[in-house]
Amino acid sequence: MPGEPSWSNVGSLVSVSSLPGAGPATSARLVEQGLCTVGDVLSYVPRGYDDLRTVTPLAALGGKAEGSVVLVRGTVARVNVFPGRFLMVYLQDGAARLTARWFRVPGGMSRAFQKGQEVVLAGPLRFDADGQATLAHPTNLTGALGAAGANESGGPRGLGIRSRYAPVPGVAGRVLERIIAAAVDRHVDDVPDVLPPATRARLGLPSIAESLRQIHRPDPEASRELLDALVAGRSDAHRRLALEDLLVIQVGLARRHAEARRRPGCPCDASPVAVLERVTSALPFAPTGAQLRCMADVQRDMVGPRPMQRLLVGDVGSGKTAVAFAAAAQAGLSGGQTLLMAPTEILAEQHARTLEPWASRLGLRVALLTASTPRPQRESLLALARAGRIAILIGTQALLADRVVLPSLRLAIVDEQHRFGVAQRARLRGRDDADSGQSPHLLVMTATPIPRTLAFTLYGDLALSVLDEMPPGRRPVGTRILKGENARRDSENAIRDAVANARRVFVVCPVREISAREGGVTAVERHRELETTLAPARVGLVHGAMDARSKDAALRAFAAGRLDVLVATTVIEVGIDVPEASLMVVEEAERFGLAQLHQLRGRVGRGTDAAAPAAECILTMGANAGMDAETTDAARRLAVVASTHDGFRIAEADLELRGCGDLFGVKQAGLPRLRFPDLAGMGRLLDLARGEATRILEEDPALESMEHQPLRAAIDSRWAAAEIFGEEAG
Ligand code: ADP
Ligand code: MG
């Protein structure tokens, strides 16, 4: 995508086409990948590193870890070639042997391997079932090593440490490497350091030039430890860049927060004590302690002179609606109107159904407005709203459209936040009362259990209330992990049992349709299979590419019991409430984030019928999941979900293990991107960045001092770029 945000505004004025190797065609390809400037190129960090400093004798390969990239030298003993299909080259060194394999190779490639010739190869090491060492798709480095080793007398010498970059379509790997190398050579020392010197000193982090050099071109003498850290993306250099990105986000958000708070609000001056009393008597249950605490937070903000900017985080089922009700009551009993926005029609309807009886006990009128509200009804609703006779207007985000006029709008509530980014929040804030210049209060609610540290980053412009207590009587959802070859059969049996007992079942798949590169169980395919294997059960399908109407229709059919099983992608993650659904099967659960799995699990077990059997969640691991380290790691992650229902603990674990990753949804959120969203140990970095942001702004709120100029410039340019994106994505 052209015009992606530039990381570093330094070098951001120098076009990539100024680098040797980047001719017009190549530059165009690079720009398509967002590599527009030298700064972008320097931020194109390697995906990995291959330690090719020493040649591993074939006889020593047995001691190397599977998957590690090795450099080997040997004599060609035999060549098997099936043109267009595969090429196998057998190398020999004394008694030790190695097989090199390539698939779908161009016809002439076998000519590079003549029997008896000595060759040098580098590639990832695998062991066949019989223990034979093999290299899959190795690179032929015979020429390169010949030259490197020519003037050297000692033992076998290698090629140094090679940085591995994600390929840029249409640009040969070697060309890309050369362009990046030139950017490092020519420009790395001109990159201004966004981290203020005091911050850098305090945290003991390397300079930007040092970091970029280390990342692109590791010291050839690097210790094993340093190299491991680089490979794992945990080196000081990585942390340095990640911290910079986080700081740019945090300082940027904090400044917005301060700005928003300077605006005049619309105080809702009804007595909070009196409002709370009426709220609790209108609710059909006694609020939990956490609910009362959050209600008090909200009320305190709303009586104040500044617009509330508050995020309510509460796990699925923690009872956010009641808090929203208290907020709407504080506005309504002060004579103000509330706008409540949900991401989907179904959720909007659900809210209307829940809130209507509660609100009517306070004499507050509720109305629902969605895209499917018939026109005449819509017109009359809008007229009533304009006349100030509707206290709580509920609908989808289409309500953001300017046509809705609420003359005494005091409060906007946004449910299921993660579809609602910074840009939209800013737009909402912009709905100030034209006459008074007052901004409405804003309450944002999310069920994504965001670790505190991350919440401050994502929503640093919002104050935080946490619903960390479940209403009484909710039973935990028993969670099982199924792996191995019987996983699928066992999960199908469980589904069959559930359907036989008139229970409803969700089956969630990681992808919608086959993606050649990623593979994975697809919802479309799984739906087709289950229709057959589960017959005569009624199996439906819902995924994100369906139009809103068919999506709604499928969800409604499931909610109404006209479907027994609903095969879905993660579109169902957001808030849908089907109390009768009591089994959740997640296929290839290892492909999901932990917080996401927890969220999915929250879709079942919402029924209040204490006599019904407890809800269950089955996490299956892919058929390809083997015994390798990656699989073991995945199993360990899934075990975290199975072992606890504490969404915050799960989210913290996710953050530590995988970084912000998809939790961040940065593009949608309209935040500047992170170079390392998946960095492990992100939680600590976030804390550090937040501490530094606070320090910097305390000392220099307007970022006026010389040493804060690079930071300020980076915030301006990266936020501007991100905002364009946030708008597009939202
Ligand atoms: P969330 O939106 O946070 O997922 P809801 O507001 O939909 O949760 O509440 C989930 C369910 O719990 C609803 O059926 C609601 O009526 C019920 N509930 C909420 N608070 C309480 C409470 N304090 N005591 C009992 N039930 C509650
Ligand atoms: Mg809800």
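Both Phe506 and Phe558 are buried. This is a predicted model, and the two residues make a good way into it.

## Aromatic rings

The rings of Phe506 and Phe558 have centres 4.8 Å apart and planes at 50°, so the pair counts as tilted. The two residues come from distant parts of the chain. Phe506 sits in strand E17, while Phe558 belongs to helix H18 (residues 548-559). Along the chain they are 52 residues apart.

How is a pair of aromatic rings described? It takes the distance of the centres and the angle of the planes.

How many aromatic pairs does the structure hold? There are seven. One of them joins Phe285 and Trp358: the ring centres are 5.8 Å apart and the planes stand at 90°, so this pair is edge-to-face. Again, distant parts of the chain are linked. Phe285 lies in the loop between helix H9 (272-282) and helix H10 (289-303). Trp358 lies in helix H12 (residues 345-360). The separation along the chain is 73 residues.

Is Phe285 buried or partly exposed? Phe285 has 36% relative accessibility, so it counts as partly exposed. Trp358 has 8%, so it counts as buried.

Elsewhere, Phe82, Phe86 and Phe103 make up one aromatic cluster. A ring can also have a charged side chain over its face. Arg78 takes that position over Tyr90, at 4.1 Å from the ring centre.

## Salt bridges

The structure holds 29 salt bridges. Three of them are listed here with their N to O distances.

| Salt bridge | N to O distance |
|---|---|
| Asp301 and Arg310 | 2.6 Å |
| Arg526 and Glu492 | 3.0 Å |
| Glu580 and Arg504 | 3.5 Å |

Take Asp301 and Arg310 to begin with. Their side chains meet in a salt bridge. Are these residues buried or exposed? Buried means under 20% relative accessible area. Asp301 has 18%, so it is buried. Arg310 has 7%, so it is buried too.

Next come Arg526 and Glu492. Both residues are buried. Their salt bridge links distant parts of the chain. Arg526 is in helix H17 (residues 523-533), and Glu492 is in helix H16 (residues 487-500). They are 34 residues apart.

Then there are Glu580 and Arg504, which also form a salt bridge. Where do the two residues sit? Glu580 is in the loop between strand E19 (565-568) and strand E20 (581-586). Arg504 is in strand E17 (residues 504-508). This pair links distant parts of the chain, 76 residues apart. Glu580 has a relative accessible area of 40%, so it is partly exposed. Arg504 has 14%, so it is buried.

Strand E17 has now come up twice. It holds Arg504 of this salt bridge, and it holds Phe506 of the tilted ring pair.

Salt bridges can also join up. Which residues are linked in a network of salt bridges? They are Asp193, Arg200, Arg240, Glu244, Asp245 and Arg718.

## Around ligand 1

There are 14 residues around ligand 1. Which come nearest? They are Ala286, Gln291, Gly317, Lys320 and Thr321.

Polar atoms meet the ligand from side chains and from the backbone. A polar side-chain atom of Gln291 is 2.9 Å from a nitrogen atom of ligand 1. Lys320 places a polar side-chain atom 2.7 Å from an oxygen atom of the ligand. Gly319 uses its backbone: one of its polar backbone atoms lies 3.1 Å from a ligand oxygen atom.

How much of ligand 1 does the protein cover? On its own, the ligand has 570 Å² of accessible area, and the protein covers 75% of that.

## Two residues in helices

Ala25 is found in helix H1 (residues 24-32). Its relative accessible area is 53%, so Ala25 is exposed. Val171 is 146 residues away along the chain, but the C-alpha atoms of Ala25 and Val171 are separated by 9.1 Å.

Gly683 is found in helix H24 (residues 682-699). At 8% relative accessibility, Gly683 counts as buried. Gly683 and Asp654 are 29 residues apart along the chain, and their C-alpha atoms are separated by 9.7 Å.

Terms used. Residues are numbered from 1 along each chain as its sequence is written. Chains are lettered from A and ligands numbered from 1 in the order in which they are written. This is a predicted model: local features need pLDDT of at least 70, side-chain atom pairs count only at pLDDT 80 or more; totals for chains, interfaces and linings use all residues. Side-chain values use heavy atoms; hydrogens and water are left out. A salt bridge is a side-chain nitrogen of Lys or Arg within 4 Å of a carboxyl oxygen of Asp or Glu. Buried means under 20% relative accessible area, exposed over 50%, partly exposed in between (1.4 Å probe, protein chains only). Helices (H or I, at least four residues) and strands (E, at least two) are DSSP runs, numbered from the N terminus. Rings of Phe, Tyr and Trp (its six-membered ring) pair if their centres lie within 6.5 Å; planes under 30 degrees apart count as stacked, over 60 as edge-to-face and the rest as tilted. A charge sits over a ring if NZ of Lys or CZ of Arg is within 6 Å of the ring centre and within 35 degrees of the ring normal. A residue is near a molecule or strand if one of its heavy atoms lies within 4 Å of it. A polar contact is a pair of N or O atoms within 3.5 Å; within protein, one must be able to donate a hydrogen and the other to accept it, and residues adjacent in sequence count only if both atoms are side-chain atoms. Accessible areas come from the Shrake-Rupley method with a 1.4 Å probe; for residues, only the protein chains shown count as cover.
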